[in-house]
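Please look through the sequence and the structure below before reading on. The report that follows takes up a helix and then a sheet.

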Amino acid sequence: MIVKRIGVTNWRGFLDPMEMGPFSERLNVIHAPNGTGKSSLFEAMRRALFDVHHVGGAEIEEIRPWGRKLSPSVFVEFSEGGNTYRVEKTFMDGASAKLFQEEEGRFQPIADGRNADTRLREILSADPPGRGLCRQEHWGLGQILWAPQGELALKQISGGVGESLRSALGMEVSGASGSRLEELVEARFLEFFTRGGAPKKGKNAAPVVAWQQKQETLEQELVDLREEHRRYEEASRQVDDARNRREQARREADALRESVAGLRKAAEEYVRLKNEQVRKKEIAEIARERFESIGRTLEEIKATRETIEGLEKSVATLSGENEQAKADVAAAKALLEKTRTAREVARRRRDLITEKQKTIDAARDYHACRDELTKLEQRLERLEEHETELGRVKKERAEMISPDPAKIRELRRRLGERAAARAALAASQVHLTLTPRKDCEIENLTDAGKHTIKGGSPTVFSGDEVVEVLIREFGSVRASGPEGGADAHRAHLEAAETRIKTLSQPFGSDDPDYLQKRREEADALDQRIAALRKQIEMVLDGDERDSMVGRRKELKATIDDFEGQHPNWRSAPPVVGLLQTEFETFSRDVNESVASAEDAFERSQSDHAAAEKRQVELNGMLKAGQGNLETAGKRLKVLVDDGLSDNDRDKKRSEALMAWQAAKAGVEAAESELNSIPGDPARELEKLEKQRQVMEEEVAHSRDQEKSAEGRLQALAARGTYSRLAACEESLAEVADRIRRESLRMEAIRLLYETVRDAKGALLARVTAPVEESASRMLARVAGPRLGRPIFTQDFVPDAINPEISAGPVNLQNLSGGEQEQLHLIARLALADLLAKDQRQLVVLDDVLNATDSGRLRRVLSLLEEISERLQIIILTCHPERYRALEGAEFFALTR
Amino acid sequence: MSVRFIHTADWQIGMKAAGLGNAAATVREARIHSIERILRLADDQGVDFLLITGDLFEDNAVDRLLIRKVGDLLGRFSRPVYIIPGNHDPLVPGSVWEHPVWAEASNITIARSADPIELDRCVLYPCPLKEKYSTQDPTAWIDAHQTEKIAIGLAHGNVEGLPEAEPDYPIPRDAARRRGLDFLAVGHWHSHVPYPDPDGSVRLAYSGTHETSKFGERDSGNVLVVEIPGRGATPVIECVPTGALRWVSSRHAVNEEGSLEDVLREVRTIENPEAVLLRLSLSGLLFTSDRPRLSSLREIVGTRFLFGAVEDEGLIPAPDDDAWIETLPGGPLREAAVRMREQAVSGSDEQARTVAARALIELFDLKEQSGT
Ligand SMILES: [Mn+2]
């Protein structure tokens, strides 16, 4: 398609109708300053050709002139397939479309409205959506031929353009029918697989997935059923085993029962024999008893007779002895009385011993009292002396004045002070010493005193500051000294004297040495008092004086008492030692006589007791002997009361012995019969009986087991597991077959798809080669051979470049901006050249080559000139001067 | 005083029919329906009794309703029936023989022990099996030499001489003579096999199953009508078909264009296809021109027969037959078709060849569909 003329009204910036054309079939440059609307014109052309006229929405709203309610309209005249058409479209309010075809120099309408839209698309073989805006992917060949501003680079090619290119290259890959079949192959593939080749899952899963799931379910079911069938057979075996066990147990129980019956018979026989044996033993025992009884009776008769004889003898002897004993007792008794009296006599003397002892004790006490009294009186005497002395010294001390040492020390100090004060006073006074030759009267004028002084005796007159004396016959003498000072010293002196007076006043002396002596005398008395007190204390020795006096009184009374009892003691005090010796001799004598009397008494007492005991014993023995004799007599009488003779009795005994021997033989016979049976069958019977019971229980137990196993088996048998198993296996076989077939089919479809895809890939790689070749040539002409060969994708999109010196293709981003621009332009031109094989095609270059330097631009222009032999080229630019060099180009200035 | 009876065995009621698709139920049903045919035959022939020598049921755990159904069927029969349990339905606790239906039917005798059963004109010597396997000869106990009446044995096992790895219920070939029997009716093998004595008289035979049970089973689907004229006389045996279904397994090698036509013709001539299970196995070359025939074959086999399977995986596209490929649009499709044909003919393994052949068929179908 090439464009002839174009016009717009109310289109963005173009309010007034604007028309442009007719365009050259070769080169056209539409130029205008920036912002004039070159691109709007290009847009208007596209919308006229591809948009449906009734399109709506914000995007179309934008083409309405700003702020006006005007309907944009456009017309385009173009040639395609040898015919010339005109399309007129108004958008928005009053939208319309009209298509005309030139016939004999005039445009005749051929379609309008939607039909016009549709017809137009058919003519241009474009495939925009049924309604709405056309986008680049719907521009048909325009995708390659028309480079919008800033979009020179070809990003992708859609629709049948690829096919058009391939067919132009004579390298039709699939052709229309091939494409359709390929689509069918792909569609078939996508029924089962994802594009990635994985089997589809979920809602749109391939049927085989469902079959496989069913297979899994059935396989599990089969496993379960087989297990169930196994359990059934197991249960059957268990029942069989239980039956066998029960059978066996029953057989064993039967056998045991028989054994038990046999053994029981034997046991009964054993018991009978045992009883027989016992009975015979009893008979033998009775026989023995009888024999022995007779023997015993005979023995007893004999023994009794002998006893009686002995007893009679001993009774006679005892009777004599008894009489003698009685006489002995009487003698002993007489002796006893005699010794008792002797003992009493001896004992009475013992009281004297006590009395003598008492006297000794009293003598001892008497002496003790006297000694104590003597000592006590001595102490009281000393006490008296000491107390008297103490009273005297105390009195002496009380009468003595005794200053304490501190006062004496102070007195001495005050005396010193007084002397010092006197000296200081004297020093501060005026002294006048007069020594007359003879006695004379002198009057002290200072104090008005009159003094008679002996001749040759110096007399001193003193006065404060001045001393004036009147000496008879002489006159007055006046001596004076410095003023002041004497009063203070005098005050000191007075103070000292006052204190000395106070201190010495109680003692009547102010001589400290005298006072000191007194003090020492007082101290000596104090010491004497202390010593006396100590002595008194020592004499008292913790006693009270009163108690001592009381004691003295007591002692005197006691002594009087003793002397009252023993009056001779007053004149001749007793000698304890003497008394003691006398006492000891006496008491030994008494004790000895008492002891011998007591011995004699005790001897006669025991002799008497012995005699009495002996007599009682003899009497008892005699009585016993007489009793025994009587008993034996009675016993003999009983024993021989059978009316038999001794001979008869011996005969009877022989008979009993024979009977016993016979019974013993019977017992032996029974025993040997019993011994023929080994052991007691009862014990074994008991054991067997137990075994039999156990076995019966085993039978019952087995029966229970059998019943429960049978119950289980019946339940399992009722399930008819095998039939279900068979059904399941049938289903499984069916499913497996389906899966096998489905899988085979899927594998086949996959193989088909992949083989076609691979073959196509290989072919497509071959198809782009001529385009790459042509682009490579153009690029070499513009940029030199260095850039090498551009590489296109299978869909003819320039993808990379293979520079001469590079080992492999490099990304286009690595080229400079100018070179990228040149390469994209060349890629479009190379593809456009292909598309223009059958007819001239319109190429629109909107504001391209901005980054290309003038040197290369020149070569690009040459290329454009050359290629415009086959292409109609419209360049939109705001730099028309760059294209002035284009030979034969039409220039159109765009104005508002 | 002759005896006349029917000898049958191995009914295998409840047998599974895997791989038969929808026909499975019918196949299982057929084994029951054929019983009625046997009973009618028994009436027609006026036999004295019916002997079933083992494996009446496929398994002791078959559906109890099946036992009831078969038991009722036999119970309604007017003549005595003698049955021995076989190795599939041995007499064990919980077996099919404990079902009350057997006690309810007065004409049926399940031989539960190896003891002679004395009848008016003959004595039966049944050998019931009580476990699945045994190395013992089940007939060993029989001693019929002293019997004056006709002596007939019932046993189930492997007659010696059959290819058996281990002895499994082995029965000597001369068991009948050795035990003093006039006839030993044996079950276990599904094919009818008579064992003639050197003099040509047959005293031991497998009746075979009454209804064929699988593909490739020879001489099955019969019962034996046996008449023994008297003690020691040669039995007269008639093998009577009772099976309703035919199991046809056929293989065809097709190597020439059009040879599928022969197969088609043959399949079309099979009578009563609704009672036939057909397994058709094809190998060789598949020509484009034969594709419609293959479709027809599949159609006929799949719809007319009780069961039909065409195993055509052994078919590979004929190498020289690339006419349709030439009609494909030039480019990747044709290229791919050529590659796949190559693989279908000389792929590395069977699976690869099968998949490639199948892929070609898919492409062919898609091509037909696209109308190219
Ligand atoms: Mn069997």
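## A helix in chain A and a sheet in chain B

In this predicted model, helix α14 of chain A (residues 646–675) has 30 residues, which at 1.5 Å a residue should span 44 Å, and because its end C-alpha atoms are 44 Å apart, the expected span and the model agree. Within α14(A), the residues Arg649(A), Ala656(A), Trp660(A), Ala663(A), Val667(A), Ala670(A) and Leu674(A) are buried. An α-helix has 3.6 residues a turn, so residues three or four places apart point the same way. What covers the buried residues of α14(A) includes two other helices of chain A, namely α7 (207–399) and α13 (576–639).

Turning to chain B, we find an open sheet of 6 strands with mixed pairing, and their order across the sheet is β4-β3-β2-β1-β13-β14. At its edges lie β4 (108–110) and β14 (236–241) of chain B, each of which pairs on one side only. On average, and with direction ignored, neighbouring strands of this sheet are turned by 20° against each other.

Strand β3(B), which covers residues 81–84, runs parallel to β4(B) and is joined to that strand by 3 bridges; here Val81(B) stands opposite Ile108(B), a residue of β4(B).

Two helices of chain B pack on the sheet, as the table sets out.

| Helix | Strands touched | Angle between directions |
|---|---|---|
| α1(B), residues 23–45 | β1(B), β2(B), β13(B), β14(B) | about 165° with β1(B) |
| α2(B), residues 64–75 | β2(B), β3(B), β4(B) | about 125° with β4(B) |

Note on methods: Residues are numbered from 1 along each chain as its sequence is written. Chains are lettered from A and ligands numbered from 1 in the order in which they are written. This is a predicted model: local features need pLDDT of at least 70, side-chain atom pairs count only at pLDDT 80 or more; totals for chains, interfaces and linings use all residues. Side-chain values use heavy atoms; hydrogens and water are left out. Two strands pair if DSSP finds at least two bridges between them. Helices (H or I, at least four residues) and strands (E, at least two) are DSSP runs, numbered from the N terminus. Axes are lines fitted to C-alpha atoms, for helices over the stretch in contact, and angles run from 0 to 180 degrees between N-to-C directions. Contact means heavy atoms within 4.5 Å. The expected span of a helix is 1.5 Å times one less than its number of residues. Buried means under 20% relative accessible area, exposed over 50%, partly exposed in between (1.4 Å probe, protein chains only).
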